Amino acid sequence: MTQIELRGVQKYFGAVQVIKNLNLAIADNEFIVLLGQSGCGKTTTLRAVAGLETIDEGDILIDGKPVQNLKAADRDIALVFQSFSLYPHMSVYENIAFPLRATRKSKAEIDTEVRSIAKTLQITHLLGLKPSALSGGDMQRVAIGRALVRRPKALLMDEPIGALDAKLREEMRAEIKRLHVRQGSTTIYVTHDQIEAMSLADRIVIMHEGVLQQVGTPDEVYSRPANLFVAQFVGSPVMNVAEAAVAGDTDSATVKLKGADTGFEFPQALLSKLNGHASGGKLALGIRPEGVIVSHDKAQGFLPVEAQIIEPLGSYDIVDLKVGSSILRARTRSGFVGGAGAKVFARIDPEQAHFFDTASGQSLGVRL
Amino acid sequence: MAHIQLKNISKKFGNHTALADLDLDIADGEFFVLLGETGAGKTTTLRLIAGLEKPTEGQVFIDGVDVADWGAAERDVALVLQQYSLYPRYTVRENLEFPLRPKIRRVPEAEIKDRVARAAQTLRIEHLLDRKTDRLSGGEMQRVSIGRAIVRKPRVFLMDEPLSALDAKLRESLRTDLKSLQMQLGATFLFVTHDQIEAMSMGDKIGVLNHGRIVQTGTPQEIYNNPRDTYVASFVGSPPMNLIDGKLVDGRAVMAPMNFELPYAGAAGGGNGGMPKAGGAMDGRPLVFGIRPEDVHLESGAPVEAMVHDVENHGVEKILTLRVGDTTLRATVPARTDVQIEQPVRFAWNPDKVVLFDKASGVSLQHSA
């Protein structure tokens, strides 16, 4: 049972502030993923929780007790890194048993614990080998085994599968998730890979330049991004973002992209939901490729557009459509649009549309 | 503008055969992608066309002329590599002008200016023209490298993994940039990559190279929907095609390890036009069934039960790994599908989309027929 809380954490490296007023509460058994580009402060945050970095201001609480002044060894937290850090002269068995040496457990007890964790990680057949005889995936399994064997309060992982090749990475990702489902320990996991984050996390914490951008379930982060950074960091291909002008009367609303003659139809409710923004500040429309609906027929609400480039990706196509001076990328069925230059019709699915304040980059939280 | 043909090419480095019996035909104005893993012979093929290597056997034709005796300069091809080889102390403009400066070319000053301006406009690097190249980002540097190729107006563009060193988001945007550039110029592009997404999204045609041999040539759709063998099937597509061992029994697909069964459309003789009919002759023959993840569906009443082994969340959709006994297979399902790890589910496949491969040779029955 471990809760971790960060309150008003600030951290400087010299004059550079790498963590800016970070507040985060992690529930017992929760799998939290810190997601961001390199240099965003995610690893520093993880190391601060582990006790490998001091913080300049704020509190880090484990089960309600401030630990920021405790040494790493006294926080009872296990860490797994990208580089495996196993003892090369010891067998896998000895490597896993190592953290238990200082616990005054009997040999028999240690043996039971090592074998139980090895069984969970399916590395029992490797126990007698030296690390040099192991593959990258197996080394990381052993490193995780060594981290878990002393039943720490929390497991922290820093890009643990970043150094593995694509296929192995997928396998290990599945194993880490399955291990968490079985063992259930509070986990903080750092990565720059959004698919990894979306697939592993109960909640994702997105950081950018030391500032927390959004905390939410994978679905929330994908469907309701808090700002333009999150909107364009999560999801591939990236969300379309285009400057837009909203107009309307008592019956309907339209959203016109820069340089376009006509606007996309929207429900009238958009106007009231945008409040003053419709007339005043600059707006950007955000729409994921699957929210751009393409048709061969001129139906109600569809605007004529020209296809520019078609990227066939096998199970679906990404079609670039020219709307005014913007390009909207749409996701269509494979082969739906014949070729570059094809004239088709498009509309925006209002339910999947996002509106952002161009100046601040913040989402206006419009939901239709 | 050029039409390129390679006829019966082989290339040996000592005892090592890099290319064997290679035939390639790249039409004028075509975006041709050579797709293969490291060591497949992609770069060697490119260098043969560029004139940087000589074939051990066979001929290279440019516009119908055998160019065996032509040097690299005479072939008039432009090479763009993964490492951008720009002059660091020169500005972007100077780098772009450089290929036009040699005395032998004698391009008039006004024309140099014009070509550089056009290239810069096409590649959207006009604002960078007076910047030194060591102050550019990776994507900008690669644009300048391509610009330096464009200004020469070469007959052919040869590109060797030009996007591989860039990060994912940038690669995604440069893919469309390159494709639209090629369409604008109407030039012949030969693009070499190990990334099947690049091949699928940019190529008019793809040639899949494996161990120095062309396994299959075709449009992205042909390669994806009708792979010649299990190598192509598992190389192209992300996630790749599911390949499951089994055999046909009375027109049903019976999978070997767990004896699960699924209907097979070929049996009814309908649906899949070119697919050989699964008559008695096919019964019992060891086969590999290929099915794309998007053609595997979850349904409550479906014929086979499986456990959810993993869920990969892409936001727009989820890719499930399903486990039946020791067999795993992938299914692409809508994002709203609510499934948990170790949850039992039932699945079916789209029988019209099943591709049969011979177990022993790995070749698709559609191609061997």
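Two strands count as paired if DSSP finds at least two bridges between them. Keep that handy for the exercises below, and remember that this is a predicted model.

**Exercise 1. Work out which strands of chain A join strand 19, and how they run.**

Step 1. Start with strand 15 (residues 292–295) of chain A: four bridges join it to strand 19 of chain A, and the two run antiparallel. As one landmark, Val292(A) stands opposite Ile348(A) in strand 19.

Step 2. Now try strand 16 of chain A. Four bridges link strand 16 to strand 19, again in the antiparallel sense. Here Pro304(A) stands opposite Phe345(A) of strand 19.

Step 3. Next, follow the side chains along strand 19 (residues 343–348) of chain A, which alternate. Val344(A), Ala346(A) and Ile348(A) point to one face and are buried. Lys343(A), Phe345(A) and Arg347(A) point to the other face and are not buried.

**Exercise 2. Check the length of helix 3 of chain A, then find which residues are buried and which are exposed.**

Step 1. Helix 3 covers residues 107–120 of chain A, which is 14 residues. At 1.5 Å a residue, helix 3 should span 20 Å. Its end C-alpha atoms are 20 Å apart, so the expected span and the model agree.

Step 2. Look for the buried residues: in helix 3 they are Glu113(A), Val114(A), Ile117(A) and Ala118(A). Seen down the helix axis, the buried residues fall within an arc of 130°, so they line one face of helix 3.

Step 3. Ask what sits over them. The cover on the buried residues of helix 3 includes helix 2 (92–97) and helix 4 (136–148) of chain A.

Step 4. Turn to the other side of helix 3, where Ala108(A), Glu109(A), Thr112(A) and Lys119(A) are exposed.

Step 5. Finish just past the helix: Gln122(A) follows helix 3 and has a positive phi, near 55°.

**Exercise 3. Describe the overall build of chain A and how its two domains touch.**

Step 1. Take stock of chain A: nine helices and 20 strands. Buried residues account for 43% of its 368 residues. The C-alpha trace spans about 80 × 45 × 35 Å along its principal axes.

Step 2. Split the chain. The domain assignment gives domain 1 (4–233) and domain 2 (240–357) of chain A, and their C-alpha centres lie 41 Å apart.

Step 3. Find where the domains meet: four residues of domain 1 are in contact with four residues of domain 2. On the domain 1 side, three are nonpolar, one is polar and none is charged.

**Exercise 4. Say what chain A brings to its contact with chain B.**

Step 1. Count the residues: chain A gives 26 and chain B gives 28.

Step 2. Locate them in chain A. The elements giving two or more residues to this side are helix 5 (166–183), helix 6 (194–200), helix 7 (218–223) and strand 16 (303–312). Strand 16 should ring a bell, as it is joined to strand 19 by four bridges.

Step 3. Sort the chain A side by class: 13 nonpolar, seven polar and six charged residues.

**Exercise 5. Put four strands of chain B in order.**

Step 1. The order is 2-1-4-5, in an open sheet with antiparallel pairing.

Step 2. Pick out the edges: strand 2 (16–26) and strand 5 (65–66) of chain B each pair on one side only.

Step 3. Zoom in on strand 1 (residues 4–13) and strand 4 (residues 57–62) of chain B, which pair over five bridges. Within strand 4, Phe61(B) is the bridge partner of Gln5(B).

How values were computed
Residues numbered from 1 in each chain as written. Chains lettered and ligands numbered in written order. Predicted model: local features only at pLDDT ≥ 70, side-chain atom pairs only at ≥ 80, totals over all residues. Buried ≥ 20, exposed ≤ 12 C-beta atoms within 10 Å, placed from the backbone. Domains from an automatic or database assignment. Contact = placed C-beta atoms within 7 Å. Nonpolar A, V, L, I, M, F, W, Y, C, P; charged D, E, K, R; others polar. Expected span 1.5 Å × (residues − 1). Arc of directions from axis to C-beta.
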